[in-house]
Amino acid sequence: LWAPIVEETIFRGALFHHLRRGVTAVLAALLVGLVFAVIHPQGIALVPPLKTLGAVFAMIRERRGSLIGPVAAHAIHNGFLMTMLAVLLS
């Protein structure tokens, strides 16, 4: 739960909010998604899906007007990935 709260506060809370003052929601979401993807250490091959995921979280933030939606979506996503990893490695 720590990563979704911290990452959403930084990316969709501070950065998206700051960018949103000067550009459209879609452009701000794409920019935040790109930064979100690039800082993750998974490698260049996962930048496109992580960028998309980050942009979707930003659009949830825009639509809901709160960080609760993207934090919940991020936590569900991470939980799903961890569950699949545990199942595949068992």
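Colleague: Happy to look at this with you! Leaving aside neighbours within four places in sequence, which residues is Phe36 in contact with?

Modeller: Contact here means heavy atoms within 4.5 Å. This is a predicted model, where local features need pLDDT of at least 70, side-chain atom pairs count only at pLDDT 80 or more, and totals for chains, interfaces and linings use all residues. Residues are numbered from 1 along each chain as its sequence is written, and side-chain values use heavy atoms, with hydrogens and water left out. With neighbours up to four places away set aside, the partners of Phe36 are Glu7, Phe11, Arg12, Leu50, Gly54 and His74.

Colleague: Thanks! Is Phe36 buried or exposed, and what is its relative accessible area?

Modeller: Buried means under 20% relative accessible area, exposed over 50%, and partly exposed in between, using a 1.4 Å probe and protein chains only. Phe36 falls in the buried class, and its relative accessible area is 1%.

Colleague: How are the rings of Phe11 and Phe36 arranged?

Modeller: Rings of Phe, Tyr and Trp (its six-membered ring) pair if their centres lie within 6.5 Å; planes under 30 degrees apart count as stacked, over 60 as edge-to-face and the rest as tilted. By this rule there are two aromatic pairs. For Phe11 and Phe36, the centres are 5.5 Å apart and the planes stand at 85°, so the arrangement is edge-to-face.

Colleague: Lovely. Which helices do Phe11 and Phe36 lie in?

Modeller: Helices are DSSP runs (H or I, at least four residues), numbered from the N terminus. The two residues are 25 apart in sequence, so their pair ties together separate parts: Phe11 in helix H1 and Phe36 in helix H2.

Colleague: And which residues do ring pairs link into a cluster?

Modeller: Phe36 also forms an edge-to-face pair with Phe57, with 6.4 Å from centre to centre and 75° between the planes. Phe57 counts as buried too, at 2% relative accessibility. The cluster is therefore made by ring pairs, and its members are Phe11, Phe36 and Phe57.

Colleague: Now for a charged residue: which side chain makes a polar contact with the side chain of Glu7?

Modeller: Glu7 sits in helix H1 (residues 2-20). Glu7 is buried yet has no salt bridge (a side-chain nitrogen of Lys or Arg within 4 Å of a carboxyl oxygen of Asp or Glu), as the nearest side chain of opposite charge, Arg12, is 5.5 Å away. A polar contact is a pair of N or O atoms within 3.5 Å; within protein, one must be able to donate a hydrogen and the other to accept it, and residues adjacent in sequence count only if both atoms are side-chain atoms. At 3.2 Å, the partner of Glu7 is His74.

Technical notes:
Lys and Arg count as positive and Asp and Glu as negative; His and the chain ends are not counted.
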